[in-house]
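Me: I'm new to this structure and would like a close look at just one part of it. Could you pick a helix and walk me through how it packs against its surroundings?

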Amino acid sequence: MERRGETIDEEQGLIGPRPRPGGGGEGVSGRRTWPTVDGPHGLSEEESVAYARSYFYWGFALLPLLWAVNCCYFWPVLRKTHPSPHVRRYVMPSAIGFTIFTVLLGSWSLTFLIGGEQLFGPAWNDLVMYNLADKLGLTGWT
């Protein structure tokens, strides 16, 4: 199967530049790349697009750690060492989404960790969960 200037070995999922006519070898760079971090044991190009798309969309279902998995698994595509615009279409937004999620979660947790009762005042006792058992009388020692 060929696609705009590159060859795809369907059996192993290898992608690389089209070999020069009569030049032999693997094209200009002389190396082949894979869309996933596990090299020749990974997914083909078509499977990679399907997996990247599903990780991306499931990340919106309150599972943003799948965006991190998407970034880690398709690291060659994220680092531009693999020429795959179809996979990159889902991996780059996953990286941006996971970064935004991490910043929001970190700022939320630091607000409660650093601010505490000084920041929230008397409402702090209603916001924290560590005194829930005392409120409901479940401890038995009050």
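**Helix 2 and its neighbours**

Reply: In this predicted model, the axes of helix 2 and helix 4 come within 8 Å and cross at roughly 130°. Angles over 145 degrees would count as roughly antiparallel and 65 to 115 as roughly perpendicular, so helix 2 is oblique to helix 4. The crossing is left-handed. On the helix 2 side, the contact is made by L65, W67, A68, N70 and C71, and helix 4 meets them with Y90, V91, S94, A95, G97 and F98.

Now look at helix 2 by itself, residues 65–73. Its buried residues are W67, A68, N70 and C71. These cover an arc of only 155° around the axis, so they sit on the same side of helix 2. Turn to the face pointing away from that buried side and you'll find L65 and C72, which are exposed.

What lies over the buried residues? The cover includes helix 1 (45–59), helix 3 (75–78) and helix 4 (85–120).

Two of those buried residues, W67 and C71, also belong to the largest nonpolar core. That core has twelve residues, and the others are V49, A52, F56, F74, V77, L78, V87, Y90, V91 and A95. Helices 1, 2, 3 and 4 each give two or more residues to this core, with helix 4 giving the most, four.

For one spot inside the core, try A52. Leaving out residues up to four places away in sequence, A52 touches N70, F74, V87, Y90 and V91. N70 is one of the buried residues of helix 2, while Y90 and V91 are among the helix 4 residues in contact with helix 2.

Conventions: Residues are numbered from 1 along each chain as its sequence is written. This is a predicted model: local features need pLDDT of at least 70, side-chain atom pairs count only at pLDDT 80 or more; totals for chains, interfaces and linings use all residues. Side-chain values use heavy atoms; hydrogens and water are left out. Buried means under 20% relative accessible area, exposed over 50%, partly exposed in between (1.4 Å probe, protein chains only). The arc is that of the directions from the helix axis to the C-beta atoms. Contact means heavy atoms within 4.5 Å. A nonpolar core is a set of buried Ala, Val, Leu, Ile, Met, Phe, Trp, Tyr and Cys residues joined through side-chain atoms within 4.5 Å. Axes are lines fitted to C-alpha atoms, for helices over the stretch in contact, and angles run from 0 to 180 degrees between N-to-C directions. Angles under 35 degrees count as roughly parallel, over 145 as roughly antiparallel, 65 to 115 as roughly perpendicular and the rest as oblique. A crossing is left-handed if the near helix is turned anticlockwise from the far one by less than a right angle, and right-handed if clockwise.
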